[in-house]
Amino acid sequence: METKKMFIDGAWVESSSGNTFDSINPATGEVIATITEATVEDARLAVAAAKRSFYETREWRDMDAQTRGDVLLQIADRMDADREELARLDCIDMGKPLREAEADVDDAIHTFRYYSSLIKTPHGGVYEVNEGFGKMHSYTVHEPTGVCALITPWNYPLLMGVWKLAPALAAGNSVVYKPSSNCVLSSIRLFEIFESILPKGCANLVLGPGGTIGNELASNMDVDMVTFTGSTSVGQSIMRAAAGNVKKIGLELGGKSPNIIFADADLEGAVEWAMIGIFLNQGAICSAGSRILVEESFAEAFTKRLAERANAITIGNPLENPDMGAIVSESQMNKILGYIQKGVAEGATLVCGGERYTEGECAKGFFIRPTVFADCTNDMTIVREEIFGPVVTIQTFRTEQEAIELANSTEYGLAGAVYTKDGSRALRVIKELRAGITWINCYNPCFNEAPWGGYKKSGIGRELGVHGLEEYQEIKQININLNPGIVGWYEH
């Protein structure tokens with residue numbers, strides 16, 4: 001089996017150590033690729049290449065926005081031509097159903113097209129300032145940050161990378177990208193597209209463990225910005241590592257998001273959106289609606305119907321488009337099963353699921369039945385900690401204020417939703433939620449045009465939209481004296 005290589009300074013290279021790791025199909029347990037494993041020295045070479053690209057050769061940085069945008073469109077077109085292959089790679093590498101992988105690819109293509117257009121629109125501003133120092137013209141420009149290190153998780157292998165790569169490149173930065181070691185195949189394919197389109201050195205790909213490679217990128221003094229999507233604990237370590245040169249940071253971290261359902265909600269609609277909120281992508285979504293808060297008088301009917309629908313979910317080979325696919329790895333599957341066991345031990349009522357799924361060909365892979373817990377309380381581990389799997393907890397409330405207090409009783413603040421026919425109540429509750437992404441009468445739709453990010457321990461900064469481009473830019477103030485000469489400041 002040919003070893004998949006890294007892409008550094010315009011060339012495909014193996015690790016300086018010669019070490020490799022295996023990519024495993026989580027649906028079958030089979031090795032599907034051998035991947036070169038970067039060393040710290042490899043990461044430093046990638047940073048050095050990006051630094052040369054940005055500060056010395058400057059081809060990408062100095063390219064006018066119109067031309068740079070056209071290059072991003074070329075990337076999008078090539079991705080569109082390879083749409084089926086990119087989706088298949090994410091499907092077999094991560095375990096998500098094929099239709100979900102196809103939707104991710106479409107979203108990634110749109111992200112490049114969106115930012116190719118956005119950089120051609122006006123930005124900056126002109127300011128009317130006082131004339132204490134004479135006649136002045138004051139304005140701002142947006143400039144690229146420099147060398148940007150981008151670190152992403154395994155749950156959306158292609159899409160999470162593009163959410164960072166597209167705006168970072170659109171802004172004119174040079175980048176070093178490190179995807180999760182669990183899922184690298186679609187990233188490698190994306191960089192094969194980059195190879196024939198982007199200038200040498202402006203986009204580099206390193207493959208390896210976050211503990212060593214990610215830490216090196218975060219602490220490297222030649223990196224001007226590091227952005228990371230993943231767990232809050234790792235995000236905190238990146239903040240500490242980034243302090244050396246006070247580099248810019250962008251962090252999209254964990255969540256334990258509430259889905260608030262009032263008694264006047266449409267039962268079938270509320271159940272359907274609750275399922276989308278927690279079982280999409282096998283529950284591996286940072287914004288997952290993993291805490292359902294339902295009005296007490298509605299709880300019995302809602303819980304019964306949710307369990308019926310959850311038990312009917314089909315599970316199987318992701319390429320065959322079941323409702324739910326495989327968990328990304330055996331270790332992640334065991335972590336989720338451990339949370340389920342802890343939920344039972346701490347007194348939650350297991351309504352459905354709660355076990356590994358091993359029917360037929362699934363016996364060789366890593367599958368878990370969709371799991372619903374009722375009678376949950378705030379002190380339970382499954383209510384407090386992010387599980388990142390198809391596990392949802394149900395708590396009840398009696399009043400609007402109690403629902404708000406329960407919703408905000410978490411250290412996270414990424415997302416949240418309200419389901420009710422009362423529009424005024426929906427807006428009142430949404431306004432009180434301490435979360436960055438919210439929905440009314442739905443759950444999980446997201447759009448490239450709108451900012452994505454959270455409050456509290458869910459992160460720093462925003463991805464996507466105009467804010468996502470500005471994350472990778474510095475703002476420079478420029479002041480011009482329109483009447484050069486002596487102003488008489490010291491004559492008094």
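**Strands, helices and rings, in questions**

Biologist: Do strand 4 and strand 5 pair in the parallel or the antiparallel sense?
Modeller: Strand 4 and strand 5 (residues 31-36) are joined over five bridges. Strands (E, at least two residues) and helices (H or I, at least four) are DSSP runs, numbered from the N terminus. Two strands count as paired if DSSP finds at least two bridges between them. For strand 4 and strand 5 the sense is antiparallel.

Biologist: Quick check, what kind of model is this?
Modeller: Residues are numbered from 1 along each chain as its sequence is written, and side-chain values use heavy atoms, with hydrogens and water left out. Local features need pLDDT of at least 70, side-chain atom pairs count only at pLDDT 80 or more, and totals for chains, interfaces and linings use all residues, since the model is predicted.

Biologist: Back to strand 5, which residue there is the bridge partner of Phe-21?
Modeller: Strand 5 sits in an open sheet of three strands with the order 1-5-4 and mixed pairing. Strand 1 (3-4) and strand 4 (20-24) are the edge strands, each pairing on one side only. In strand 5, the bridge partner of Phe-21 is Ile-35.

Biologist: And at what angle does helix 6 run to strand 5?
Modeller: Helix 6 (residues 185-195) lies across strand 1, strand 4 and strand 5. Contact here means heavy atoms within 4.5 Å. Axes are lines fitted to C-alpha atoms, for helices over the stretch in contact, and angles run from 0 to 180 degrees between N-to-C directions. Helix 6 makes an angle with strand 5 of about 60°.

Biologist: What about the sheet of seven strands, which strands stand at its edges?
Modeller: That sheet is open, has mixed pairing and follows the order 15-16-17-14-13-19-20. Each edge strand has a single partner strand, so one side of each is left without a neighbour in the sheet. The edges are strand 15 (349-352) and strand 20 (437-440).

Biologist: Inside that sheet, what is the bridge partner of Val-372 in strand 17?
Modeller: Three bridges join strand 16 (residues 371-374) to strand 17 (residues 391-397), and the two run parallel. The partner of Val-372 is Val-392.

Biologist: Which strands does helix 11 touch?
Modeller: Helix 11 (residues 330-345) includes Glu-330. This helix packs on the sheet, with its direction at about 25° to that of strand 16. The strands touched by helix 11 are strand 15, strand 16 and strand 17.

Biologist: How many residues of helix 5 are buried?
Modeller: Buried means under 20% relative accessible area, exposed means over 50%, and partly exposed is in between (1.4 Å probe, protein chains only). Helix 5 (residues 157-170) has 14 residues and is mostly covered. Its buried count is 14 of 14.

Biologist: How many disulfides does a search of the whole structure find?
Modeller: A disulfide is a pair of cysteine sulfur atoms within 2.5 Å. For Cys-202, the nearest cysteine sulfur, that of Cys-148, is 12 Å away. Cys-376 is in no disulfide either, with the sulfur of Cys-352 nearest at 12 Å. The total found is zero.

Biologist: Last one, is the ring pair of Trp-439 and Tyr-443 stacked, edge-to-face or tilted?
Modeller: Rings of Phe, Tyr and Trp (its six-membered ring) pair if their centres lie within 6.5 Å; planes under 30 degrees apart count as stacked, over 60 as edge-to-face and the rest as tilted. By this rule there are twelve aromatic pairs. Trp-439 and Tyr-443 have ring centres 4.6 Å apart and planes at 40°, so the pair is tilted.

Terms used. Expected span 1.5 Å × (residues − 1).
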